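Open your viewer and get your selection tool ready. We will go from stop to stop, with something to select at each one.

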Amino acid sequence: MVIEGPILEFHQKSPKPLRVYSAQQSKAKPQGQKTLALLLFCVLSGIRISNFPKHRAYDQVFFLCTKTQSYSPPSYFPWRCVEKILKDDASEEKGERARMASFVGAIAITDLVKTTLGPKGMDKILQSTGRGHEVTVTNDGATILKSLHIDNPAAKVLIDISKVQDDEVGDGTTSVVVLAGELLREAEKLVAAKIHPMTIISGYRMAAECARNALLQRVVDNKENAEKFKSDLMKIAMTTLSSKILSQDKEHFAQLAVDAVMRLKGSTNLEAIQIIKKPGGSLKDSFLDEGFILDKKIGLGQPKRIENAKILVANTAMDTDKVKIYGARVRVDSMSKVAEIEGAEKEKMREKVKKILGHGINCFVNRQLIYNFPEELFADAGILAIEHADFDGIERLALVTGGEIASTFDNPESVKLGHCKLIEEIMIGEDKLIHFSGVEMGQACTIVLRGASHHVLDEAERSLHDALCVLSQTVNDTRVLLGGGWPEMVMAKEVDKLARKTPGKKSHAIEAFSRALLAIPTIIADNAGLDSADLVAKLRAEHHKEGCNAGIDVISGSVGDMAELGISEAFKVKQAVLLSATEAAEMILRVDEIITCAPRKREDRM
Amino acid sequence: MALAFDEYGRPFIILKEQEQKTRLSGLEAQKANISAGRAVSRILRTSLGPKGMDKMLQSPDGDVTITNDGATILEQMDVDNQIAKLMVELSRSQDYEIGDGTTGVVVMAGALLEQAERLLERGIHPIRIAEGYEMASRIAVEHLECIAQKFDFGPTNIEPLVQTCMTTLSSKIVNRCKRALAEISVKAVLSVADLERKDVNLDLIKVEGKVGGKLEDTELIYGITVDKDMSHPQMPKQIEDAKIAILTCPFEPPKPKTKHKVDIDTVEKFQTLRQQEQKYFDDMVQKCKEVGATLVICQWGFDDEANHLLMHQNLPAVRWVGGVELELIAIATGGRIVPRFQELIPEKLGRAGLVRERSFGTTKDKMLYIEHCANSRAVTIFIRGGNKMMIEETKRSIHDALCVARNLIRNNFIVYGGGAAEISCSIAVEAAADKYPGVEQYAIRAFADSLDAVPMALAENSGLQPIETLSAVKSQQIKENNPHFGIDCNDVGTNDMCEQNVFETLIGKQQQILLATQVVKMILKIDDVISPSDY
């Protein structure tokens, strides 16, 4: 029972009031002795009092309690009156309460994203508070968490690990939060059973190490065998995509992603893969283009098709070139002089264009604007000029065509030009795009996504991005694991073994770790509407045999052989999930006090 | 508030707006101050030692910090009370001076205040208490010198240093790989240390962090990392035997500082100006090339044309490098910072064996490593970790470890940790107390009692019975006359800190006692608090 205490005021007879009563408090002056009696009654009968001006009221009761001699105040009773040390709006939570606050926050976040896990996970609609109330539909953990405004500090830690997971490996952003949350949920039970957080932490550490070793023992590395490795990549891509909106056409997209990543030849620079979203058509119409597609239009009166193109990629001002020496300005005293200077400016531009033409090119791509005048000049020379290609586009184009990005044009012999077989204007849906095909170096490529609506396309891009990230990381670290709850099961089994070997309280924590690991297959099954208890138990029994490949086959709703089903995951992702989740759980567990500073006051500027 | 009245019954106004101020005086003021000081120390008490807990702090802007570093906790707590602010200052000055033991010093001060309160209740004058504390602290500091041991280490034998750093790191969240981090810290300090002058310039050690990877990936780089990439995407990503021009002038046409105008009124002028501008760019790049630079590091930006010219001349460049980093690069590579192109000469170039660009993760994060520098005295500790808070906390922990290593180089005496030094001091002070006649004797005894607070908190945080454990260790120390016995926090099975390799620096400990005593004295001397009442 909790009584919302009134603001109290006592007579000066109090033993030692530390602060003189505030004006506001004295306004609401209740009958001193009566409230005091009520308070005393509450304390004596064990009723908890909240919202109380602590340092005074408690002091009084304490004084009275010691007078009555018969009763000692309850344990939560602040024994001594404490001068306030923090600012007015700041709050301080200690010990049990602090731990509870962080557990509650972390578990709430976990429960929030839990339902998106697995192939049958559901999506979330996020509506922004900004203008337009934009809507995002997603099942990507990092995207969901990024858009939340959270006040609970422990929850912020979880959001942070999800973000890092996204940056580092790209996938597993939901799993990492769920695992951390489950670890904390288990820890909460242990804390309730009077096991010290430090003991739990050391148990978790041992368990995490053991789990990692278990995974390391079971990894498959097909680095040597290119054919097999490619099929591994295919499987990983399909597994990643199967939980996303693209799952219907996952084979198609997996092929796209694998092809794109293989072209990178080991580089992790995903910038080189351009994703163009064009609404219309269906997801299946999406395709990977070997060449390069630039989302720009060809200038007027310029050739629409060039074979054996020589391309100059430039980053230069093609408007009126400024004189950059500071303070220079044009000041003239007659119209004719204005015309003269304008003429000179034009002349300068003409010269520049001439220089550019001197490179012997037939296509000119510029990052900045090209004004009408130079454009006209280019058209006259029969050169394709593309203006305002964005920076990434320029960089990619340079990569693809093997040219270099030029900004000055004085020595044409040393500038490397880009080449491609054919430049033409193509139509996708209703838009015209410029297509460069037959390029020399095939590092960069373009994926054109088609889909029914912007939301679908956005989500498709996110999903594809996840797959690309995972693949590009896997190319560098070629170790592969099976999926579908198999790694969790393997880890849980080893951790369980460790728990049995470990003496002392730590073994409880290790056991809890294994339970937390098992929560992931459980959630996957739950989300698919399967009987998780039954399935997980079956799976566990299967795993009792050595070298088992069993996992949860969500599609058929039974335990299946993951190797046969072709469900794989990258080792790097699983390892990152395991390590960051443990680290985050450890961090939150170590906290025994939360101090929240007073929010910064915003000055209202009218 | 007490008022004085003149013979007509009118009150004397002494303070401005007297009635709006609150005033506490005498014993009441002292007690209020003491209770505030103790409240602060109580917050930190649970963070002490290897099993100490962390605090989660939410800043006014909503950022979360998780730490168990005393100085950081107090700094971020945003305290309001004046006495509490004094305690914050206390922790901070320990941090500046020593770098480690910021929690211990506050716990110690809290204990001293607690003891003082009891003495005040018995009617002992605060000044006498303060004097007694002063005497006792002198005894304790002298005693520390007696029990301190000299620690021999050299550039080859770094084991003792590593052990001491490990003691510091064991109380932090990074204790999972304390060995690796301690080694990194010691190596970093040794590589910048001037062993002859016994001085270490910690500014030469840069601690950088990047989220991602795991803590074990943390590495020591003999060189500098810069969170920048090459200005042009097609510049080479790796340069061997780089000669570096370090510029603080922009690759842009000059901007005279005096106010002037160039008026263009004829076509000729327009053309000459344009040519001049082009020549200027050419000259700048040519100048760099002439002196033999193979890498240009610039504090400012440069425009696309300059960028391309550099690229063209095969001169990789980095732009927008911060001032501090620029200085470090200059120190590391032995180059000079050049503020003007005219002053660029071959002698001013810095040298580095290897400059390379490295990318991380799936985002386009790139960093520039400058390694194998001519002057290897600038090093970087590059921290990796699961999340932002982890990195921040690791940074703080490494800072502590670095400070400890530095202190040992300055003064290679150590005392034993785990509360052993405090217990030993407490015994010494207790014994000395009887020799002092007068009221101070009581204060000295109280001081001895409060020295016990640190081991007591250690035992409490480790889940041991505090009083039982402390008294057992104390009697063991007296019986065997060996100051190495401390609290066995990690449940290793032995009390001997010498065997457990738990060391702390002598100056750190001395400073703790001195600083704590000073602040307590200051608090005790306050007998009147006048503050504008906010209600």
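Start in chain B of this predicted model by selecting residues 159–169, helix α6, together with residues 178–192, helix α7. The two helices of chain B pack with their axes 8 Å apart and at an angle of about 125°, which makes α6(B) oblique to α7(B). Look along the contact and you will find that α6(B) passes α7(B) in a right-handed crossing.

Now show the side chains. On the α6(B) side, pick Glu159(B), Leu161(B), Val162(B), Gln163(B), Cys165(B), Met166(B) and Leu169(B). Their partners in α7(B) are Lys178(B), Arg179(B), Leu181(B), Ala182(B), Glu183(B), Val186(B) and Leu190(B). Colour this contact by class and you get 9 nonpolar, 1 polar and 4 charged residues.

Next, zoom out to the domains of chain B. Domain 1 is assigned to 18–148 + 420–462 + 505–532, so give those three segments one colour, and give domain 2, 223–375, another. Taken over C-alpha atoms, the centres of domain 1 and domain 2 of chain B are separated by 53 Å.

Staying with chain B, select Tyr369(B) and Phe382(B). How are the planes of these two rings arranged? The planes stand at 65° with the ring centres 6.2 Å apart; because planes over 60 degrees apart count as edge-to-face, so does this pair. Tyr369(B) sits in strand β16 (residues 365–373) and Phe382(B) in strand β17 (residues 379–385), so select both strands to see a pair that links distant parts of the chain, 13 residues apart. Over all chains, the count of aromatic pairs comes to 4.

For the last stop, move to chain A and select helix α8 (residues 197–218) with helix α16 (residues 506–527). These helices pack at about 50°, their axes 8 Å apart, and are therefore oblique to each other. The crossing of α8(A) and α16(A) is right-handed.

Among the α8(A) residues to display are Thr199(A), Ile200(A), Tyr204(A), Met206(A) and Ala211(A). From α16(A), add Lys506(A), Ala509(A), Ile510(A), Ala512(A) and Phe513(A). By class, the whole contact of α8(A) with α16(A) has 10 nonpolar, 3 polar and 1 charged residues.

Technical notes:
Residues are numbered from 1 along each chain as its sequence is written. Chains are lettered from A and ligands numbered from 1 in the order in which they are written. This is a predicted model: local features need pLDDT of at least 70, side-chain atom pairs count only at pLDDT 80 or more; totals for chains, interfaces and linings use all residues. Side-chain values use heavy atoms; hydrogens and water are left out. Axes are lines fitted to C-alpha atoms, for helices over the stretch in contact, and angles run from 0 to 180 degrees between N-to-C directions. Helices (H or I, at least four residues) and strands (E, at least two) are DSSP runs, numbered from the N terminus. Angles under 35 degrees count as roughly parallel, over 145 as roughly antiparallel, 65 to 115 as roughly perpendicular and the rest as oblique. A crossing is left-handed if the near helix is turned anticlockwise from the far one by less than a right angle, and right-handed if clockwise. Contact means heavy atoms within 4.5 Å. Ala, Val, Leu, Ile, Met, Phe, Trp, Tyr, Cys and Pro count as nonpolar, Asp, Glu, Lys and Arg as charged, and the others, Gly among them, as polar. Domain bounds come from an automatic or database domain assignment. Rings of Phe, Tyr and Trp (its six-membered ring) pair if their centres lie within 6.5 Å; planes under 30 degrees apart count as stacked, over 60 as edge-to-face and the rest as tilted.
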